[in-house]
Amino acid sequence: MAESRYGPRERMVFSAAQLIRREGVAATGMREVAAHAGAPRGSLQHYFPGGKEQLVGEAVAWAGRYAGKRVARFLAGLDEPTPSGLFAAMAAQWTDEYDTDGFAAGCPVAAATVDRAASGTAGREASAAAFAAWRGPVAEALTGMGVPAVRSDSLATLMIGALEGAILMARAEQDVRPLTTVVRELGPLLDAAVDHSA
């Protein structure tokens, strides 16, 4: 995120998401966010009068929107879009990162959900909304590839749930095997959902 293109508020939201995906919510401090964003510490109170809770909520919302927007980019990169191809592209984002940078980071939405689910309604609702912002575009993409609308949302939930679980397992095992396994095993199931008679 280039400093000249984004203001301090946007940079702080992005930085919070990046720190949460590596450290979790509890270990991500407001000062660290300001330093990572290259923003004055005094600007935190100005932009986030609700404090850390507001900043975390906005970082989680940003992450959900980002994941949702990536769906179109994944589809554009496929010669022939299929449900299994979309899922493989979603997982490849993580296998590529882990192969290049190691296993230090995970999904900021998952990290926030784990850290904040019991802390109150706002944190839980922010995570639920972020997952919905991701699930919606996945479901729409599936429908566009011929999966009946009645199944698209449930299969999108399956894809995201399997991916998030595989990310956690890959980080724990320090191995991309869980990601490659879910791609291999779910691919045929996802493609079988396409209605070729339509």
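What follows walks through two helices, the junction that links them, and the empty space in a predicted model.

Start with helix 8, which covers residues 149-173. With 25 residues at 1.5 Å each, helix 8 ought to span 36 Å, and since its end C-alpha atoms sit 36 Å apart, the expected and modelled values agree. A good number of its side chains are tucked away: Ser 152, Leu 155, Ala 156, Met 159, Ile 160, Ala 162, Leu 163, Glu 164, Ala 166, Ile 167 and Ala 170 are buried. Among these buried residues is Glu 164, which belongs to the charged class.

Right after helix 8 comes Gln 174, with a positive phi near 55°. Most residues other than glycine have a negative phi. Gln 174 is not a glycine, yet its phi is positive. As for its place in the fold, Gln 174 is found in the loop between helix 8 and helix 9.

On the other side of that loop is helix 9, residues 177-192. Its 16 residues should span 22 Å at 1.5 Å a residue, and the end C-alpha atoms are 24 Å apart, so the two values agree. Helix 9 does have a kink, though: about 40°, at Leu 186, shortly before the proline Pro 188. Leu 186 is also one of the buried residues of helix 9, along with Pro 178, Leu 179, Val 182, Gly 187 and Leu 190. These buried residues pack against helix 5 (83-101) and helix 8.

From the helix 5 side, Thr 95 gives a closer look at this region. Thr 95 counts as buried because its relative accessibility is 12%, under the 20% cut-off. Leaving out residues up to four places away in sequence, Thr 95 touches Val 176 and Leu 179; Leu 179 is itself buried in helix 9.

Now for the empty space. Rolling a probe the size of a water molecule over the atoms shows where such space is left. The largest pocket holds about 330 Å³. Helix 1, helix 4, helix 5, helix 6 (108-116) and helix 8 each give two or more residues to its lining. That lining comes to 21 residues, and Tyr 66, Ala 67, Gln 93, Trp 94 and Pro 108 lie nearest the centre of the pocket. Helix 4 gives the most, with eight residues. Sorted by class, the pocket lining has 14 nonpolar, three polar and four charged residues.

As for enclosed space, a search of the whole structure turns up one cavity of 30 Å³ or more. The largest cavity contains about 30 Å³, and its lining consists of Ala 16, Ile 20, Thr 28, Met 30, Val 33, Lys 52, Leu 55 and Val 56. At least two of the lining residues come from each of helix 1 (8-23), helix 2 (30-37) and helix 4 (51-76). Helix 4 again has the largest share here, with three residues. By class, the cavity lining splits into six nonpolar, one polar and one charged residue.

Last, a look at a surface position. Glu 140 lies in helix 7, which runs over residues 121-144. With a relative accessible area of 62%, Glu 140 is exposed, because the cut-off for that label is over 50%. Glu 140 and Arg 21 are 119 residues apart in sequence, with 26 Å between their C-alpha atoms.

Definitions and conventions: Residues numbered from 1 in each chain as written. Predicted model: local features only at pLDDT ≥ 70, side-chain atom pairs only at ≥ 80, totals over all residues. Heavy atoms only, no water. Helix = DSSP H or I, 4+ residues; strand = E, 2+ residues; numbered from the N terminus. Expected span 1.5 Å × (residues − 1). Bend = angle between axes of the 7 residues up to and from the residue. Buried < 20%, exposed > 50% of the residue type's maximum accessible area, 1.4 Å probe, protein only. Contact = heavy atoms within 4.5 Å. 1 Å grid on protein atoms, 1.4 Å probe; cavity = no way out; pocket = protein on both sides within 12 Å on 5 of 7 lines; lining within 4 Å. Points joined across faces, edges and corners; volume = space filled by probe spheres on them.
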